[in-house]
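Q: Could you walk me through reading a structure like this one? I would like the general idea at each step, then the case at hand.

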Amino acid sequence: MQARRATLADALVAADTAVSDLELEQSDAESELEPVRQRLARNEKRIADGTVSDPKALSSLIEEVDHLRKRIAKLEDAELEVMEQVETAQAGRDRLRDQAAVVDEELSALSAKRDQQLSELDSEVAERRTERDRIAPDVPADLMALYTKVATTRGGVGAAELRQRRCTGCSLEINAAELRQFAAAPEDEVLRCEECGRILIRTAHSGLQP
Ligand SMILES: [Zn+2]
């Protein structure tokens, strides 16, 4: 979700740039139109108020008015086109903003969920630590040393239940000959998985009884 949010942020920057470029283009188009409109108005006024008496000058003024009107129409068409592009770009940017808002909401819900789970795991770890500290003094030192040694090379887990003839640490099925040895071993003998080396814990479900 964070990667998606980052992609959206990049897209939003690009969309914002596109909108402001087009808005600038629109305002340029407007600035270009303004003096032409003013000139047209001035000329129309001069024609209307009869201050130009020379027929040749009047005719050229009328000609210029005609030319200015065509020029204005052309510039207005161009401006209209830019305005449409501005609207399209703004709509695209708004869609991206909406998407980003949705992603932000989901992200914040996910973060809250993650924090909640982390805090639950922290309390579970604390509980297990307490339990371990309570049990550890009763475990013989050499067995504890063996456990610790195996655990450091086996992802923190130095012992596994022997369940239905399998080591639950690495899933290896114990072969028949070894099973017979295991079944005959005294209760306090430390059995180990041949594959992963973990200390095997015997239970009623280990499959050692014939
Ligand atoms: Zn194993």
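The dialogue below takes up the metal site, the core, the salt bridges, buried charges and backbone angles in turn.

Q: What kind of model is this?
A: This is a predicted model.

Q: Let us start with the metal. Which residues coordinate the zinc ion?
A: Look for the donor atoms and their distance from the metal. Here the zinc ion is held by the SG atoms of Cys167, Cys170, Cys193 and Cys196, at 2.3 Å. In sequence these donor residues follow the spacing C-x2-C-x22-C-x2-C.

Q: Which parts of the chain does the pair Cys167 and Cys196 tie together?
A: Cys167 sits in strand β2 (residues 166-167), and Cys196 is in the loop between β3 (191-192) and β4 (199-202), so this pair joins parts that are 29 residues apart in sequence.

Q: What is the geometry of the zinc site?
A: Compare the angles with the ideal. Four tetrahedral donors ideally give 109.5 degrees. The four donor atoms of the zinc ion make angles of 106 to 114 degrees, and the site is tetrahedral.

Q: Are Cys167 and Cys196 buried or exposed?
A: Both Cys167 and Cys196 are buried.

Q: Now the core. Which residues make up the largest nonpolar core?
A: Look for buried nonpolar residues whose side chains join up. The largest such core has twelve residues. Among them are the zinc donors Cys167, Cys193 and Cys196. Others in the core include Ile174, Leu179, Phe182, Leu200 and Leu208.

Q: Which elements give two or more residues to this core?
A: They are β1 (159-163) and α4. Helix α4 covers residues 176-184.

Q: What does Leu179 touch, leaving aside its neighbours within four places in sequence?
A: Leu179 is in contact with Arg165, Ile174 and Leu208. Of these, Ile174 and Leu208 are listed in the core as well.

Q: On to charges. How many salt bridges are found in the whole structure?
A: A search finds 14. One of them pairs Arg97 with Asp16, with the closest N and O atoms 3.7 Å apart. That pair links distant parts of the chain: Arg97 is in helix α2 (residues 55-135) and Asp16 in helix α1, 81 residues apart.

Q: Why does Arg97 count as partly exposed?
A: Check the relative accessibility. Between the cut-offs of 20% and 50%, a residue is partly exposed. Arg97 is at 41%, so it counts as partly exposed. Asp16 is at 31%, so it falls in that class too.

Q: How do Arg93 and Asp94 meet?
A: Their side chains form a salt bridge, at 3.9 Å from N to O. Arg93 is buried because its relative accessible area is 15%. Asp94, at 34%, counts as partly exposed.

Q: Which other salt bridge is worth a look?
A: Take Glu173 and Arg166, whose side chains meet at 3.5 Å, N to O. Glu173 is partly exposed at 45%. Arg166 is partly exposed at 39%. Elsewhere, bridges that share partners join Asp16, Arg93, Asp94 and Arg97 into one network.

Q: What lies next to that network on helix α1?
A: Turn to Ala15, in helix α1 (residues 2-48). Beyond its neighbours within four places in sequence, Ala15 is in contact with Arg93 and Leu96. The C-alpha atoms of Ala15 and Arg93 are 5.4 Å apart, although 78 residues separate them along the chain. Ala15 is buried because its relative accessible area is 14%.

Q: Which side chain of opposite charge is nearest to buried Glu79?
A: For a buried charge, look for a partner. Glu79 lies in helix α2. Its nearest opposite charge is Arg37, 4.6 Å away, and Glu79 has no salt bridge. The cut-off for a salt bridge is 4 Å. Leaving aside neighbours within four places, Glu79 is in contact with Gln26, Ala29, Glu30 and Leu33.

Q: And how far is Arg192 from Glu178?
A: Arg192 is the nearest side chain of opposite charge, at 9.7 Å. Glu178 is also buried and without a salt bridge. Yet Glu178 is in contact with Arg192 and Glu194, its neighbours within four places left aside.

Q: Last, the backbone. Where is Gln164, and what is its phi?
A: Most residues other than glycine have a negative phi. Gln164 has a positive one, near 45 degrees. Gln164 is in the loop between β1 and β2. At 56% relative accessibility, Gln164 counts as exposed.

Q: What is the phi of Arg165?
A: Arg165 has a positive phi of about 65 degrees, though not a glycine. Arg165 too is in the loop between β1 and β2. With a relative accessible area of 41%, Arg165 is partly exposed.

Notes:
Residues numbered from 1 in each chain as written. Predicted model: local features only at pLDDT ≥ 70, side-chain atom pairs only at ≥ 80, totals over all residues. Heavy atoms only, no water. Helix = DSSP H or I, 4+ residues; strand = E, 2+ residues; numbered from the N terminus. Buried < 20%, exposed > 50% of the residue type's maximum accessible area, 1.4 Å probe, protein only. Contact = heavy atoms within 4.5 Å. Lys, Arg positive; Asp, Glu negative; His and termini not counted. Donors = N, O, S within 2.8 Å, 3.2 Å for Na, K, Ca; no water. Tetrahedral: all angles 85-135°; square planar, octahedral: opposite > 155°, others 65-115°. Core = buried A, V, L, I, M, F, W, Y, C linked by side-chain atoms within 4.5 Å.
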